[in-house]
Amino acid sequence: MIINCQNCDCRFRVDESKAPAGTFNVSCPKCQTTTSASNMVDVRESSAATVGKSPSTSHPRSSHRTPPAPLFRIGSSDDSNVDGSKSSANSANELAMSLLTLLKPAGNDRAALIRPSWDRRRVLVCTAPEYREVIGRNLTQNNYEVFVAADTQQAVERMRESHLDVVILDQSFDPVDQGAAFVNREVNVLRPAQRRRIFFVMLSASKRTMDAHAAFLQNVNAVINFNELNELPDILDRALREYNDLYKDFNVACGVAPV
């Protein structure tokens, strides 16, 4: 099970088989703050959890574990961007990003309020296959760290394993396993403090780009029309600036960097 520290937002894994039943306390390995956790899942009718068991937990764990959505790489000679295979370069990149996360300033340090230029935003792309290449390429070329999910299991594993800044979802993502519903659930069950740290984007064929009313009805931060995917980096940059301006004073008060 994945536990989120309420003090520093660090995400760490605890072996469910060794965790006591009910509520228990565990120390964060990063800041040593004691965090309460529960070994029982609270399923609420209003949440997306009612669609069924999570695809990343409904099957017994074995020696073969579905890997999280892999890092998108431009000019790959194979299909490793979307089929889940991970090269040694990808593994090294993952390790480097984990180390950078641990080295980030925490608490109320004023340096934490400015996002370093080397700290690229991490984006998870959950779309139909025909849109993955153009989205991955455009965002990677504009200094985003892009992960492309081929199916629901990869998407859920990535969301639970890594801190993400942006999630881009297409309602036609992995329709066989109700991929859109499970990605929505992973976002909606987050605590408010964690949900504010993710910019959730919905792709649409019928709604206007940056239609605030449509975004409100879909419970997302922004809506982008498929016809404007070539302009996605510029649209996303502008939307994130507006989002960070909205929460500027709140982030300063909480001592956290902008998204």
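**Exercise 1.** Decide whether asparagine 219, at 44% relative accessibility, counts as buried, partly exposed or exposed, and then describe its backbone and its place in the chain.

*Solution.* The model is predicted. Buried would require under 20% relative accessible area and exposed over 50%, so asparagine 219, with its 44%, counts as partly exposed. Turning to the backbone, asparagine 219 has a positive phi of about 60°, although this residue is not a glycine. Most residues other than glycine have a negative phi. As for its place, asparagine 219 lies in the loop that runs between α7 (212-218) and β9 (222-225).

**Exercise 2.** Work out which loop holds glutamine 178, what its phi is, and how its accessibility is classed.

*Solution.* Glutamine 178 belongs to the loop between β7 (166-170) and α5 (179-188). Its phi is positive, at about 55°, and glutamine 178 is not a glycine. With a relative accessibility of 41%, glutamine 178 counts as partly exposed.

**Exercise 3.** Characterise the packing of helix α3 (residues 129-140) and helix α8 (residues 232-246) by the crossing of their axes, and then by the residues that meet.

*Solution.* Two packed helices are described by the angle between their axes and the distance between the axes. For α3 and α8, the axes come within 9 Å and cross at roughly 60°, which makes α3 oblique to α8. On the α3 side, the residues in contact are Ile135, Asn138 and Leu139, and they meet Leu232, Pro233 and Leu236 of α8. Sorted by class, the contact of α3 with α8 has five nonpolar residues, one polar residue and no charged residues.

Notes: Residues are numbered from 1 along each chain as its sequence is written. This is a predicted model: local features need pLDDT of at least 70, side-chain atom pairs count only at pLDDT 80 or more; totals for chains, interfaces and linings use all residues. Side-chain values use heavy atoms; hydrogens and water are left out. Helices (H or I, at least four residues) and strands (E, at least two) are DSSP runs, numbered from the N terminus. Buried means under 20% relative accessible area, exposed over 50%, partly exposed in between (1.4 Å probe, protein chains only). Axes are lines fitted to C-alpha atoms, for helices over the stretch in contact, and angles run from 0 to 180 degrees between N-to-C directions. Angles under 35 degrees count as roughly parallel, over 145 as roughly antiparallel, 65 to 115 as roughly perpendicular and the rest as oblique. Contact means heavy atoms within 4.5 Å. Ala, Val, Leu, Ile, Met, Phe, Trp, Tyr, Cys and Pro count as nonpolar, Asp, Glu, Lys and Arg as charged, and the others, Gly among them, as polar.
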